[in-house]
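Please find below my notes on the model you sent. They are numbered so that you can reply point by point.

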Amino acid sequence: MPDSCRHPSPCQSKDGSAGGDDAPPFFAHLGGSAIGVYTPQDMLEALLHHRGSGARVRAGRPRLAAGIDGGRRDALRPPAAAPPRRVDHDKPLPDASLGAKGLLQRPLPLAKGQDFSIGALTNHLQDAILVGLGLIPRSIRTSGSKAAVVCPVFGGRGVFYSLGIETFVVWASTKDGVVACYCSCGGDDLKENVGARVRSGVSSSCSHAIAHSLALRAVALHLMCTSVPNLLRHRRALDGAHAVSTDVEAALVFEDDGGRAAHVVSYNRIMCVVQTPPRMAKQRRPICRHVPCRTRNVHCVHSLAVRPSAAGYGGFDDDPDGAGEEDGGAGEGEVGDAADGALGDDLGEQGGAGAQDDQGQAPAAPQQQQRRARNKKGEPRVFADTDCLRRARNMLPCATETAKCARFDSIARGQTHPDVNDVKLFEESCIHCGHAVGQLLSGEAAQLHTLSGRVVPFDGAHLGLFRFSARTVYTRTFLDVILFTIISTKSSISAASATSAFQLHCTGAIFNGDSAKSRQDLGRATDEYSRTLIIPRNLYKCSNCYNCSQTPYSAVVADGQTIGIFRDAAYPFERTTQNVPTIPISIDNACAVPKAKRIKAAFGEEVSYSKADQLAMSKFAAASGTMPPLGDHNNASHRASAAEWAASCFWNSFFQMSGVPNDPDGAASPPASEPPTSPKTGKHPASPLTPHVPASSPPPPVDDDAPANQQGGGPAAATAPAPPQHAAFKYCNAIPDALGGVGLLPIVRRERWSIVYTFLRTFVCEPVIGVFAGLPVEDLTRLAEALIDGKLAREWMPLAHCVESIHVLWPMLDLLSDEMDSDPEMCRAVGELVMFSLHTDIHMENLWRAEMNADALLYEEEWTETDAAKFQSWLQRQPPCPGRRPSGLVACAASRHRAGAQADEVRSGIVFPDLDQVRAHPSDAAAAAAASAAREKARLNPKRTSKWKRADMDDARLGDDDCRHAFLTHSAFTPGVVSYLCSCGILIGFEVLESAESPAGIVAALTARFPRLPTTVYFDTACQAGRNATRRVPWLVRISKTSWALDRFHASAHKCSPLFDSNNYPERCGMHKTSAAENRHSLNKPLKNHLTYLGQDRFVVQMRLIGAINNLLIFYRRAIGRSDVRHRPLPLFFHALIASVCERSGCGCRNIEQ
């Protein structure tokens, strides 16, 4: 028998029969020599269920026996994170006569806990390959509602697999005689760029690609091929390298009765999965699962291959009459362009004074009526959290505390207990001085309210109870029910108090009182009780995302929510601030084309320029006709001139200028219109290539000897006036054949131009601050130098591994790699732009240092290296607040610091329980004064205020005012709060706003709490926040390697640079929940009616408690693996895993639990 297959026809089995649709199952003839690594049980079940060629075979899901934990493990589910293993395809395979035993002689070690699942995945892929080759009937597949869907596509070139949330397609291709296997899943963390791996010939690292490699080895073993490369040479249908890169193929692999479907699309030798939502879904456009297409996953080449646009492809159509702007399914479920408005980078006025006593004297305890009195405007502020001492309590009751409350309830029902302390309770020590209490005097009768609604005589207070007044004491469980009724039912404190008051009246506990007054008393008691609860630090800490003390969290999601209180009930917060002014550095220094403007134009649409812009365009287009500048790239001026030359080269490569319109009868585009549409919206990338033009430059010199032209002011001509030299730059069009002519499919041309638009928007038209933040500078420098030297693709491609996950650069390198080999000037232009972008951040910091003042220098010198201890030492040297207690809670030694921190949170409005302050809160006095003056002017002249029109903003030069939007403010309510969450959705802190939400506030809050800023910060105006940080603390951004990104919810409405799109950086943003803040806002929104009518201190306390409870529920879900935990007892989980100490002195709950 020959060593390898000699014919491309299907191989015959040992008995001479060939596989086909009418043949019996293939492995039924093989017996012990069956292909794959089937277990004896699976093989036996398959043979027993065989009913001949008519009945076919339907293999059920093989399952493993119960493990040690008693659970059953699904054998078909592929491993989610199996470690990569290298498979040598060129190694000769074992003797084929051994059958499956040949593969089992030296089994590959599997990861822990993955003992059989990768083998089952290999079997499925192996059978699918044979089905694609026609060696096994197509009817052999898994069955059942929960079975895996495995389907070969494109004649076995790829295999689609779907089981639960696992959906991917795997394929193999050869490059230079080496076989590599690829998977569309993007890796365990969505970091891999499968396109870059196909280009370089490196296999994917996920376990799916490993299983596909093992499946190919098993197929080669049965088909008598010595190796996998030998198999792919004889079975060319399995080799993805033979596919034409410009062809677009789509194959339907699954469709159910509801309309949900899945397709596999092949383009540029890459396969991906495109899923179509069911018919009942609001958005019916197919959704591409390719990682680089996440930004425009409903309008990329893959989704358009499944369902072409009803309006065609606009300027990309072959038929010029069919040009028009594509709807792309936009409309329902998509976000339009957000309105922009002017907003200053101010933090608002800070500081403020409250009621202060004489220095060195302890404040006298105010009367109960005075503490509960409503603070009116103009009266001194009362700090209820510090001026009145109370005992600290656990956030949730411990076991012995709950038993105490239950005992009081039984006493109220008439039962007696031998313990006299249950009847007469007293404080064992003074709450003020700590001295032990001597002989008990006559007590005062009080009323004890319990859940049963009974009244018990009582003459004191205890740690397990809550004294509201001299005659009213509550058990803490009674107030806990009211408090958690508010949170669980999304109700208000008035409604929850009214419910409990109604219960007291129905049980006769309050029979001669007013129901409304009882409700008010319960509301005030619940509020005062909530102030005594100690919120543990670790309730605001995510153990999964926490890194270290220097950079606690690598990613932070920030977003504001308009939940505020009445302005009349607000006081200025007391914050420790330090002036850090904004240095006015021009953003043009970070642009390859400085002083640019935006004009919207779709592909194929002609753009006309004004006379001033024509002059600028003539100089810009002429720059590429000169030799590239020579010099040292360490010089900023040389980098800027080289980048401008490179930008001109790119412009002339893809766009052409003319003095006459292409369509004289048609109207050209106006010189200024709406901003360009983001590619996420599905419309043609509103080319910042066409729109971005340099600003006007001074007019050319004229001949002084020529007579003046009285009409135009220029030199008169002896003959008819000749048109100016820049008249040939009035109209601009894209060169249709620059990226392929009509021979390419319209969707391919559209995809290629989209790549060009993204690249030019990033590196030519917009500021490049932070485009390479956190990436290896040495590797990028070597790549840029290789491109500048004009090396061939085979030389610089190995250096491009550092940019494989940057989807604003790598697709352009992949697209133009062949053209760059034949055009060294184009290759150098790319390298110059990369080199300019690489040094821009340092250049901007140097400009900042040249302009910074003494305050900015002092802040950098003091706080470059810092921690919480250094800040506390600095704080001790500041003038103290006279007569102010650090806290009004008497807590145990372990919680004493936390009690003081809670008082500071109420006074400052900034709540970060687990992140101690490490720097003074940076403020901008000049910006705050300017904003205050503007508000005062608007108040005095309300009729003269006018909104900044959007057209005026778009016609203005690019830079400082991009992506501004009017943050919501209200004349009656405060602006709201800004929440800070980790990338998995745990709330780590929030800030109550005094003025409108501002990017400067985000920078200030993170600077004050993080010794090193997070690696990635998500915000709805991250572009503005990044520029504010560059102008205030660029040194901190540099040492922290911080990048700023838009959350995916708001990104579609932005027109800023693509470098702020988190989907373009999957390696650092792929697994982050960038919309975690929006999800948290949905939990707070139902409580808006409850929170709005609170005072400022009560608002902070309630928001802190609500955030802690929501985090506790998330921790509980993680611990038990259940989605709904609200019906489970939270106190047991809280005291077992969250709270480290009990606040009740002498409590034995920890010993009991142990």
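1. In this predicted model, Arg1080 has a relative accessible area of 4%, so it counts as buried, the cut-off being under 20%. Arg1080 belongs to helix α33, which covers residues 1076-1084.

2. What surrounds Arg1080, once neighbours within four places in sequence are set aside? The contacts are with Leu981, Gly985, Ile986 and Leu987, and also with Gly1107, Asn1110, Asn1111 and Ile1114. For Asn1110, which is 30 residues away from Arg1080 along the chain, the C-alpha to C-alpha separation is 8.8 Å.

3. His1081 is also part of helix α33. Its relative accessibility is 7%, and His1081 is therefore classed as buried. Beyond four places in sequence, His1081 is in contact with Asp559, Gly560, Gln561 and Ser979. Anyone looking at this part of the model should display residues 1080 and 1081 with their partners, which include Leu981 for Arg1080 and Ser979 for His1081.

4. Next, the helix pairs. Two packed helices are described by the angle between their axes and the distance between the axes. Helix α12 (residues 476-489) and α13 have axes that come within 8 Å and cross at roughly 140°. The pair is therefore oblique, since an angle has to be over 145 degrees to count as roughly antiparallel. The crossing of α12 and α13 is right-handed.

5. On the α12 side, that contact is made by Phe478, Ile482, Thr485 and Ile486. On the α13 side, the residues are Ile493, Ala496, Ser497, Ser500, Gln503 and Leu504. Sorted by class, the contact of α12 with α13 has six nonpolar and four polar residues, with no charged ones.

6. Helix α13 (residues 493-506) also packs against helix α14 (residues 515-531): the axes come within 8 Å and cross at roughly 125°. Are α13 and α14 parallel or oblique to each other? At that angle, α13 and α14 are oblique. The crossing of α13 and α14 is right-handed.

7. From α13, the contact with α14 draws on Ile493, Ser494, Ser497, Ala498, Ser500, Ala501, Leu504 and His505. From α14, the residues are Ser515, Ser518, Arg519, Leu522, Gly523, Thr526 and Asp527. By class there are five nonpolar, eight polar and two charged residues in the contact of α13 with α14. Ile493, Ser497, Ser500 and Leu504 of α13 appear in the contact with α12 and again in the contact with α14.

8. Two backbone angles deserve a check. Arg269 is not a glycine, yet has a positive phi of about 65°. Arg269 sits in the loop between β6 (261-267) and β7 (270-276). Its relative accessibility is 37%, so Arg269 counts as partly exposed.

9. The other is Lys1041, again not a glycine, with a positive phi of about 55°. Lys1041 is in the loop that runs between α30 (1034-1040) and β29 (1043-1045). Is Lys1041 buried or exposed? With 54% relative accessibility, Lys1041 counts as exposed, the cut-off being over 50%.

10. Gln283 is placed in the loop between β7 and β8 (287-288). Gln283 has 24% relative accessibility and is therefore partly exposed. Val298 is 15 residues from Gln283 in sequence, and the C-alpha atoms of the two are 9.9 Å apart.

11. For the chain as a whole, the model has 37 helices and 29 strands. Of the 1154 residues in the chain, 53% are buried. Among contacts with a separation of 6 or more, 74% are between residues 24 or more positions apart.

12. Finally, confidence. The average pLDDT of the chain is 74, and 68% of the residues score at least 70. Which stretches call for caution? Among them is residues 318-378, where pLDDT stays under 50 and where the model has 147 contacts beyond four places in sequence. Another is residues 456-463, also under 50 in pLDDT, with 33 such contacts. Where pLDDT is low, the predicted coordinates should not be read in detail. I would ask that any figure showing residues 318-378 or 456-463 state that pLDDT stays under 50 there.

Methods. Residues are numbered from 1 along each chain as its sequence is written. This is a predicted model: local features need pLDDT of at least 70, side-chain atom pairs count only at pLDDT 80 or more; totals for chains, interfaces and linings use all residues. Side-chain values use heavy atoms; hydrogens and water are left out. Helices (H or I, at least four residues) and strands (E, at least two) are DSSP runs, numbered from the N terminus. Buried means under 20% relative accessible area, exposed over 50%, partly exposed in between (1.4 Å probe, protein chains only). Contact means heavy atoms within 4.5 Å. Axes are lines fitted to C-alpha atoms, for helices over the stretch in contact, and angles run from 0 to 180 degrees between N-to-C directions. Angles under 35 degrees count as roughly parallel, over 145 as roughly antiparallel, 65 to 115 as roughly perpendicular and the rest as oblique. A crossing is left-handed if the near helix is turned anticlockwise from the far one by less than a right angle, and right-handed if clockwise. Ala, Val, Leu, Ile, Met, Phe, Trp, Tyr, Cys and Pro count as nonpolar, Asp, Glu, Lys and Arg as charged, and the others, Gly among them, as polar. pLDDT is the predictor's confidence in each residue, from 0 to 100.
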